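Reader: I would like to go through the reasoning behind the labels in this entry. Please show the structure, then take my questions one by one.

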Number of protein chains: 2
Amino acid sequence: MNGNDRARTITATDVARVADVSQSTVSLVLNGKWQGRIREETARRVMTTADDLGYRINQSARSLRLGSTGTVLLVVPTLVNPVFATVHAGAARVGAQNGLGVVVFPLGAEDGFGLFPAPRHALDGVIACSLAAEAVSNLRAGLPLVVLDDAPTPGTPTVTMDTGGGMANALAHLTALGHQRIMHLRAERLAWTFTRRAEVFDQCTLSHPYVIANHLSCSFMPAEVRDRMVQVLSASNRPTAVICDDDNMAMGVYAAASALNLIIGEDLSVIGFNDLPAAALVSPPLTTVRLPLGELGSRGMQALVDLRNGAVNEPASLLTELIIRKSVGLVSTGT
Amino acid sequence: MNGNDRARTITATDVARVADVSQSTVSLVLNGKWQGRIREETARRVMTTADDLGYRINQSARSLRLGSTGTVLLVVPTLVNPVFATVHAGAARVGAQNGLGVVVFPLGAEDGFGLFPAPRHALDGVIACSLAAEAVSNLRAGLPLVVLDDAPTPGTPTVTMDTGGGMANALAHLTALGHQRIMHLRAERLAWTFTRRAEVFDQCTLSHPYVIANHLSCSFMPAEVRDRMVQVLSASNRPTAVICDDDNMAMGVYAAASALNLIIGEDLSVIGFNDLPAAALVSPPLTTVRLPLGELGSRGMQALVDLRNGAVNEPASLLTELIIRKSVGLVSTGT
DNA sequence: TTGTATGCGTTATCAG
DNA sequence: CTGATAACGCATACAA
């Protein structure tokens, strides 16, 4: 009746009893701290009985005692876009150098973007990447927090990328080639990086009075982008160039152009963001703004490590790079 | 000297002392179990002081006491491929229905695929998706384990997809249209699903003696696929059809064909796997084997829930579907 | 209506 | 070289 027949999990105490040593000896041996303290024979006996019994350490107890878990949570908006794989790789690399593991939590639209389900497991810190500001405030359950690719907040270590500069470069590239009707195909999802690009786009185009700019907001789904761009590109005063907030959206523009028999790089110029692997591969290869995603992750993790050591890093901003390929040409004279 | 000046974290006991109640009262109130047991005024006082003090529950202590953490780990080979986003979504959905959160761990090539760094934080279970068998054996640190998309092991709940059937369907589609030189463009990465497809490919082509089959192993990187396929397609006896283990690889084949002025769907037929969002969008739209990834995730989580309730599910296999679009045509007579 | 006492499984300190 | 013993912070049965 008192749960005596329930499947019990093997504890260090069990191992101690069977191996006929004290529980502290077990702990010492199993943590590899027995050299010079425990007789080798005893140590060996402990290890084999632990093995025999199938002993598994209880991580909750361990981290309660230690006061830390050795894992940090990387919160991202989605797993669909491979950019976050790069961020993770960077974070995981420097995390490993500091004895920290990384697990990923996709805070998708299903969760309402901002209703962060406070992590129910113990964590040593949180890195929030490309999230809406309101989401971030919810998730800092007293944990060390580093913010990536979001508006710098005083007091919070933040690493951003100069995504606005990327937009400015893209725009300069286009205007230098004579483009005067430029469209910004904006990501629908609310995020600082997109807002920032929109601001820069609006500001830059305003300062070139001869540039007629417009924009359209869209989901990332290529099919939706295609359908809406078919409409846009059918108009007589269609844009001669499109800047897309993501390479995936650029693929949608390619599809729309193809449906309309418009040649990319001649009839229509396209610039993307992110430099996904596919960008170099489509025809024509896509000119795109490359973002230092790996460094974003590694710098973020470094900031978290520093934060745990009591140092609050200054907000940092990383440079972007315009990768020029074949999807942009001189403005076509025909129209 | 004794750490008295160290930043201490606020415990429930602290709250109790300040609010002038016992620690158990704090626990009751903060877990919302005070209705009818604690006077409303007291409860309110506890809540406000907890708030004032910035009290955060210690999850390690909580889960030690409770014996569970409420989170399960989804281990995947990579985050670069968006298919695992779908698996996660399915798992997260039924996890949420059962009070379980899901965090993702990408067991990338950096980790050596098989050297699983045993999770250092407390978990209620592990779902391993599309991993090499040797990796899986390492990671079951005594935790309830469910295996997805891998060879069924007796005693371990497993959910697979009939990926071999998908290959058979793809092959049948091709031979019905007269193709006799068919290539299987295989994923280099070791995984059961790929091995299974290769087996079925070999077996099916063997039973059609007039079919000349060959294969090539490649990474997922589209650029590498393109370069190697340019070589293959330059040969005089080039295949008339290619089945790719992933839609990304198919993009590489498209690029190679484009470089060689081969028309997909006429000069060369292509079939992919996974039905990524981009598959419907490229021109011509890609015929591909759609895998029930979302269901894989949800069934996997359900199996884990059942396992925690003491029921070991039978291995299950999910059906695949060949999505016929425009990238496959009659075999071209010209050569 | 509230407080006391106990134990979850570890690690680490300190005597022996 | 080894064994008691004391926390770590929380949830809950039970006493008051």
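Author: Two strands count as paired if DSSP finds at least two bridges between them. Keep in mind that this is a predicted model.

Reader: How do you know that strand E6 of chain B pairs with E7(B)?

Author: The cut-off is at least two bridges. Strand E6 (residues 181–187) of chain B is joined to E7(B) by 7 bridges. The pair therefore meets the definition. The two strands run parallel. One bridge sets His184(B) opposite its partner His215(B) in E7(B).

Reader: What makes E7 and E12 of chain B edge strands?

Author: Each pairs on one side only. The order in chain B is E7-E6-E8-E9-E10-E12, an open sheet of 6 strands with mixed pairing. Strand E7 covers 212–218 and strand E12 covers 321–323. From one strand to the next, the twist averages 20°.

Reader: Which helix lies across E6, E8, E9, E10 and E12 of chain B?

Author: Helix H7 (residues 163–176) of chain B does, running at about 170° to E9(B). Helix H8 (residues 192–206) of chain B also packs on the sheet. H8 touches E6, E7 and E9 of chain B, and its direction makes about 165° with that of E6(B).

Reader: Why are the two copies said to be related as by a two-fold rotation axis?

Author: Chain B superposes on chain A by a rotation of 180° with 0.0 Å of shift along the axis, at RMSD 0.0 Å. The copies are thus related as by a two-fold rotation axis.

Reader: How do you know that the copies meet through the same surface?

Author: Of the interface residues of chain B, 100% are also interface residues in chain A, so the surface is the same.

Key
Residues are numbered from 1 along each chain as its sequence is written. Chains are lettered from A and ligands numbered from 1 in the order in which they are written. This is a predicted model: local features need pLDDT of at least 70, side-chain atom pairs count only at pLDDT 80 or more; totals for chains, interfaces and linings use all residues. Side-chain values use heavy atoms; hydrogens and water are left out. Helices (H or I, at least four residues) and strands (E, at least two) are DSSP runs, numbered from the N terminus. Axes are lines fitted to C-alpha atoms, for helices over the stretch in contact, and angles run from 0 to 180 degrees between N-to-C directions. Contact means heavy atoms within 4.5 Å. Copies are superposed by least squares on the C-alpha atoms of residues with pLDDT of at least 70 in both.
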